[in-house]
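Dear colleague,

Please find below the structure I am handing over to you. A summary of what was found in it comes after it.

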Amino acid sequence: MSVLKLDARPRTITGRKVRLLRNQGWVPVVVYGNNVSSTNLQIQARSLDRTLHQGGSSQLMELSVEGGGTHNVLVRDIQRHPVTHAYMHADFYAVNMTETQEVSVQVVSTGRPEVLVAGLMVLQPLDSVEIRALPADIPAVIEVDITDLDLDNPVTIADLPAIEGVEYISELDEPVFNMIPVRIEEEEEE
């Protein structure tokens, strides 16, 4: 697993004036958590976007503060503008590397069901699942092979691959992938 890194600067601007930071390409962030008092920082919006795109919002990140120390953090909350989707604010939680964390991790499929025919469709009711793991063991995504998926046997959380150091805490009988029949209406000939 590669280490995701972010560089931050201390932030003195707070309140409504943070709009000026956003106009200059900065995102106001707050770091809090294990042995860290709540600290106001700012991060380049491009850097944050690149890092989140590379590792997802559940990955452990190394946050280097200019003139300060380094923190191992997890994303707790990201606020975006409702129209432009620009980053408005982010909350990072500084973690203790020896304590387990509960996070939500994205689930993606690989393969194609062998029994996929006309009239059937693959449905993914859960985009992510809740897991418990040490921060260093948190996967970016959980890949599931769905080639054996059929109409009668959905892929549930209990069927997800075992990952060393990761415990699934969502309901084990909850379906992640299943197949459903698609109703095709016959068109009447004119």
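The notes below cover the nonpolar cores, one buried residue and an aromatic pair.

This is a predicted model, in which local features need pLDDT of at least 70 and side-chain atom pairs count only at pLDDT 80 or more, while totals for chains, interfaces and linings use all residues. Residues are numbered from 1 along each chain as its sequence is written, and side-chain values use heavy atoms, with hydrogens and water left out.

The largest nonpolar core (buried Ala, Val, Leu, Ile, Met, Phe, Trp, Tyr and Cys residues joined through side-chain atoms within 4.5 Å) has 23 residues. Buried means under 20% relative accessible area, exposed over 50%, and partly exposed in between, with a 1.4 Å probe and protein chains only. Val129, Ile131, Ile142, Val144 and Phe177 have the most contacts inside this core. Among the strands (DSSP runs of E, at least two residues, numbered from the N terminus), strands 7, 9, 10, 12 and 13 each supply at least two of its residues. A second, separate core of 20 residues includes Val27, Val31, Ile43 and Ala90.

Gln42, in strand 3 (residues 36-44), is buried because its relative accessible area is 11%. Its contacts (heavy atoms within 4.5 Å), not counting residues up to four places away in sequence, include Trp26, Val27 and Val29.

One aromatic pair (ring centres within 6.5 Å; planes under 30 degrees apart stacked, over 60 edge-to-face, the rest tilted) is found in the whole structure. The rings of Tyr32 and Tyr93 have centres 5.8 Å apart and planes at 65°, so the pair is edge-to-face. Tyr32 lies in strand 2 and Tyr93 in strand 6, 61 residues apart.

Yours sincerely

Key:
Helices (H or I, at least four residues) and strands (E, at least two) are DSSP runs, numbered from the N terminus. Rings of Phe, Tyr and Trp (its six-membered ring) pair if their centres lie within 6.5 Å; planes under 30 degrees apart count as stacked, over 60 as edge-to-face and the rest as tilted.
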